[in-house]
Amino acid sequence: MISTEQPEKAIIVGVDMLQSDASAGAEHSLAELASLAKSAGAQITGEVTQKLKRIDPRTFVGRGKVEELRVKADDTHATVAIFDDSLSPVQARNLETEAKIRVIDRSQLILDIFARRARTLEGKLQVEVAQLTYLQPRLTRQWSHLSRLRASGGGVGTRGPGETQLEVDRRRLRERLARLRKRLRDVERTRAIQRNRRTEVPYPTVALVGYTNSGKSTLLNALTGAEVEVADRPFSTLDPTIRRLRLPEGTTVMLADTVGFIDRLPHTLIEAFKATLEEVRTADLLLHVVDASSPLAAERMEIVDRVLDEIGAGASPRVLVFNKTDLIDHTPRLAAAYDSVCVSARTGRGLGLLPQAVARFFSGMRHEVRVTLPTSRSDLVAMARRDGRVLSEEYEDDRVTVCALVTAQMAGRLRKAAAIG
């Protein structure tokens, strides 16, 4: 991992696979890698790029670029090379041997950032599980005493202890993973209980999703008055934050801010963060927030769609929200090209349109329900009046018959109270 004590000097390495439309994408991807590296506390001292028809199975880049990397690392005193693509354990090991520099790839960098950002117990457990899962197939020949044995020529009497130590390390890693996963399951059960309790409250849920750094947290703060940390950096939000939002027609929804997605998000992270991403899967509506000022907005929208498919939320209804429109001058074209809401969470431009769009969605999902309740449950009647539309109220003795247009959650709660009462 990148040192937290002082900026570690890093060289970023990218490859353009010589596809007709890949050059611009490769350039932006490398710029994003630089942003990720800076977010992890690195100081970029150099850049190495190469156009390739096919990847070198030994070192990913060609032999000449490996030598260029070694020289540039010597000249700039860099201590780590960060590759924009995933490296196999063999490629990483060969690169470190030949370029004389520590090597990590994009996945390791993202895992490192997640480890820095995690604040809750669940987040920390999820990140460590992802890191150990990523490390597991890369454990072979990672240990210095084994390197010394190979350097001395190995031979009879030298392989056994090394193999034994390696197996001990593998076993310890497996045992640590098993303990972490058990603790994570316990934490996930607690989260599931909390989520079930929220479903008893008759408020629909709306989740903010989008590419990292698209402005979701700023939007949450602007809409609800929350004070979620906002920073111009990737993955400033890992743990979900949930706030109430009252819509123009009177309905209240629970608005959740979730972790941002990114191109080539490590699968181990998606697996580890399934409990957190459950907020996305179970939401009644997704607000897909897009950075309208990004030249890669369309590509990033596709990436988010792919991740949503992967976590089982691909079919969830959503409203497309173009954010950061204060940074562009073609907002009308965006509105015309997409069925969307255009806002600036930073300046407040168009912000009132978003709750209206959410209200229109839920107004089409209201259920007419007619129930008879004890008058002692006036709290439910008041809730139906506040968060829905009461069509009629008829009082007789100690009973009240209510006809109302309410959300599915509220309808279920009214029917349950009527059955008990």
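Two residues are in contact here when their heavy atoms come within 4.5 Å. Keep that in mind as we walk through this predicted model.

Start with the whole chain. It has 421 residues, and 48% of them count as buried. The secondary structure comes to 15 helices and 13 strands. Look at how the chain touches itself: among contacts with a separation of 6 or more, 69% are between residues 24 or more positions apart.

Now for the inside. The largest nonpolar core has 52 residues. If you want to find its best-connected members, go to I82, L109, L269, L308 and I311, which have the most contacts inside that core. There is also a second, separate core, this one of 24 residues, and V341, V343, A359 and F362 are among them.

Helix α8, residues 216-224, is a good place to see burial up close. Its buried residues are K216, S217, L219, L220, N221 and L223, so a lysine, a serine and an asparagine sit alongside the leucines under the 20% relative accessible area cut-off. What lies over them? The cover includes the strands β5 (205-210), β6 (241-246), β7 (252-257), β8 (285-291) and β9 (318-323), along with the helix α13 (353-363). Just past the end of α8 you reach G225, where phi turns positive, at about 75°.

Next, move along to the loop between β11 (367-374) and α14 (378-387), where you'll find S376. Is S376 buried or exposed? With a relative accessible area of 58%, S376 is exposed, because the cut-off for that is over 50%. Follow the chain a further 22 residues and you get to D398, yet the C-alpha atoms of S376 and D398 are separated by 8.0 Å.

The loop leads into α14, so let's finish with the way that helix packs. Its partner is α15 (residues 408-420), and the two axes lie 11 Å apart at an angle of about 160°. An angle over 145 degrees counts as roughly antiparallel, which is why α14 and α15 get that description. The crossing of α14 past α15 is left-handed. On the α14 side, the contact is made by L380, M383 and A384, while α15 brings M410, R413, L414 and A417. Sort those residues by class and you get 6 nonpolar, no polar and 1 charged.

Conventions: Residues are numbered from 1 along each chain as its sequence is written. This is a predicted model: local features need pLDDT of at least 70, side-chain atom pairs count only at pLDDT 80 or more; totals for chains, interfaces and linings use all residues. Side-chain values use heavy atoms; hydrogens and water are left out. A nonpolar core is a set of buried Ala, Val, Leu, Ile, Met, Phe, Trp, Tyr and Cys residues joined through side-chain atoms within 4.5 Å. Buried means under 20% relative accessible area, exposed over 50%, partly exposed in between (1.4 Å probe, protein chains only). Helices (H or I, at least four residues) and strands (E, at least two) are DSSP runs, numbered from the N terminus. Axes are lines fitted to C-alpha atoms, for helices over the stretch in contact, and angles run from 0 to 180 degrees between N-to-C directions. Angles under 35 degrees count as roughly parallel, over 145 as roughly antiparallel, 65 to 115 as roughly perpendicular and the rest as oblique. A crossing is left-handed if the near helix is turned anticlockwise from the far one by less than a right angle, and right-handed if clockwise. Ala, Val, Leu, Ile, Met, Phe, Trp, Tyr, Cys and Pro count as nonpolar, Asp, Glu, Lys and Arg as charged, and the others, Gly among them, as polar.
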